[in-house]
Amino acid sequence: MILADLANGFRDDEQRRRVQRVIHERLADDRAPQECRYLMRFWWQLAMAYQEVSMDDLSLNVGKPKLDVIETLIRAIRLSHADIDAWITTTQQTFPVIQNRGYKVAEDNDA
């Protein structure tokens, strides 16, 4: 599945930024660096017209629960703006904000 067309599927920049915020705050946990790296490459791709990451990359590096959510987002982007809004709401209800990020733990250990 080609993912280079995703940047064109949002209602506006605000909707894209809301999706990116959800990915960053609720899915990309830097305590799992490999998974986080690929989720952030996907995050970046949402604003780019080229393919930064493929579905194969995501499938190999992102755990099943988060991969399912990303696949749902891709479908929503291709279907409707209302589906994207629903994705945001559902994902916010399903995944808590990541409070204990790895860099914060490391920072606290240095203090």
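A salt bridge is taken here as a side-chain nitrogen of Lys or Arg lying within 4 Å of a carboxyl oxygen of Asp or Glu. In the predicted model examined here, E35 and K66 meet this description, since their closest N and O atoms are 3.1 Å apart. The pair joins distant parts of the chain, with E35 in helix α2 and K66 in helix α4, which spans residues 64–79, and the two residues are 31 residues apart. E35 has a relative accessible area of 14% and is therefore buried, and K66, at 15% relative accessibility, likewise counts as buried.

The fold in which this pair is set consists of 6 helices and 0 strands, and from the N terminus on its elements follow the order α-α-α-α-α-α. The protein has 111 residues, of which 38% count as buried. Its accessible surface comes to about 6,300 Å², and 52% of that surface belongs to carbon and sulfur atoms. When contacts between residues at least 6 apart in sequence are considered, 70% of them join residues that are at least 24 apart.

A search of the whole structure finds 10 salt bridges, among them the pairing of R11 with D85, in which the closest N and O atoms are 2.5 Å apart. This pair, too, links distant parts of the chain, for R11 belongs to the segment before α1 (13–27), whereas D85 is found in helix α5 (residues 81–94), with their positions 74 residues apart in the numbering. R11 has a relative accessibility of 42% and so counts as partly exposed, and D85, with a relative accessibility of 21%, also counts as partly exposed. The arrangement extends beyond these two residues, as R11, R18 and D85 are linked in a network of salt bridges. In general terms, side chains of opposite charge can pair when their charged atoms come close.

A salt bridge within a single helix is provided by E14 and R17, whose closest N and O atoms are 3.3 Å apart. The two residues are 3 residues apart in helix α1, so that about one helical turn separates them. E14 counts as partly exposed because its relative accessibility is 36%, and R17, with a relative accessible area of 38%, is partly exposed as well.

Two residues of the loop between α2 and α3 were also examined. S54 lies in this loop, which is flanked by α2 (33–45) and α3 (55–61). With a relative accessible area of 18%, S54 falls under the 20% limit and is therefore buried. A polar atom of the S54 side chain lies 3.0 Å from the backbone nitrogen of D57.

M48 is likewise placed in the loop between α2 and α3. The C-alpha atom of M48 is separated by 8.0 Å from that of L6, although the two residues are 42 residues apart along the chain. When residues up to four places away in sequence are not counted, M48 touches A4 and A7.

How values were computed. Residues are numbered from 1 along each chain as its sequence is written. This is a predicted model: local features need pLDDT of at least 70, side-chain atom pairs count only at pLDDT 80 or more; totals for chains, interfaces and linings use all residues. Side-chain values use heavy atoms; hydrogens and water are left out. Helices (H or I, at least four residues) and strands (E, at least two) are DSSP runs, numbered from the N terminus. Buried means under 20% relative accessible area, exposed over 50%, partly exposed in between (1.4 Å probe, protein chains only). A polar contact is a pair of N or O atoms within 3.5 Å; within protein, one must be able to donate a hydrogen and the other to accept it, and residues adjacent in sequence count only if both atoms are side-chain atoms. Contact means heavy atoms within 4.5 Å. Accessible areas come from the Shrake-Rupley method with a 1.4 Å probe; for residues, only the protein chains shown count as cover.
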